[in-house]
Amino acid sequence: GESTFIDGVAAALKLRAEDPAAYRILADTRVRFSDENAEYQLHDEKTVIVEEEVAVVEQDGPAASSPSSKYSKTPTRVYMNEGVRCHIMNGAGWKDLGKWYAALIKFQNILCHDEELLIRHRLQPGTLVAFNNNRMMHGRAAFEARGERHLQGGYIDWDDCHSKRRVLQKAAASS
C-alpha cells in the first residue's frame, strides 16, 4: 500500500479560507492530549491548530528606502492524533461542544478528502522518510501483508536541529 501524507498547515489555511469561524474555534479552544503507560505519562493542553505571529513585510511605496513590517498570526502546527486527544474539553463549555465538534469534522474532511493536498507514495525497501510530525499528517493505504515488514520510527528534538544549524553557520562563517 501507499504511504499518504498531507500538510496539516495547508489544510488549516484552507479551513480558514472556507470557514473562518470553524478555524477560529480550533485555533482558540484548548483541549487535553494524554498518552501514558508504565514507562511514561505525557499530558498537554493545547489547541488543535497552533498559530504563531509572523512578520509580514510590506513596501511603503515604490520609492520606499526601507520596508515596514507588521505581524500576523498564521498556523504553524496541527495536533490531530485522535488516539491521544482526551474527552476532557478544558477550553470549551458544554454549550460550545457541538460547535467545536462541527469545526473538527470540517477540518477532518479537508484532511481526509482533499486530493489537492494529499501526497501518495509507495515506499521501497530501505527508503527513509523524514517530516515534521507537528505539520504533516501521515497514514497508509490498505495493503495485504506479504512477508515481514519493518518500520522504524525516530524522533529528533527541534532544539537539536536549531543547535546543529547554529554550529554549521558558525563553522561556515569562520571558513
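**Exercise 1.** At what angle do helix 1 and helix 2 pack, and how far apart are their axes?

*Solution.* The structure is a predicted model, in which local features need pLDDT of at least 70, side-chain atom pairs count only at pLDDT 80 or more, and totals for chains, interfaces and linings use all residues. Residues are numbered from 1 along each chain as its sequence is written, and side-chain values use heavy atoms, leaving out hydrogens and water.

Step 1. Locate the helices (DSSP runs of H or I, at least four residues, numbered from the N terminus): helix 1 spans residues 8–18 and helix 2 residues 20–28.

Step 2. Fit the axes to C-alpha atoms over the stretch in contact, with angles from 0 to 180 degrees between N-to-C directions. The angle is about 130 degrees, and the axes lie 5 Å apart.

Step 3. Classify the angle: under 35 degrees is roughly parallel, over 145 roughly antiparallel, 65 to 115 roughly perpendicular, and the rest oblique. The two helices are therefore oblique to each other.

**Exercise 2.** Identify the residues through which helix 1 and helix 2 meet.

*Solution.* Apply the contact criterion (heavy atoms within 4.5 Å). Helix 1 contributes Ala-12, Leu-15, Arg-16, Ala-17 and Glu-18, and helix 2 contributes Pro-20, Ala-22, Tyr-23 and Leu-26.

**Exercise 3.** Determine where the buried residues of helix 2 lie around its axis.

*Solution.* Step 1. Select residues under 20% relative accessible area (1.4 Å probe, protein chains only): Ala-22, Tyr-23, Leu-26 and Ala-27.

Step 2. Take the directions from the helix axis to the C-beta atoms. These buried residues cover an arc of only 130 degrees, which puts them on the same side of helix 2.

**Exercise 4.** State the proportion of buried residues in the chain.

*Solution.* Of its 175 residues, 25% count as buried.

Note on methods:
Buried < 20%, exposed > 50% of the residue type's maximum accessible area, 1.4 Å probe, protein only.
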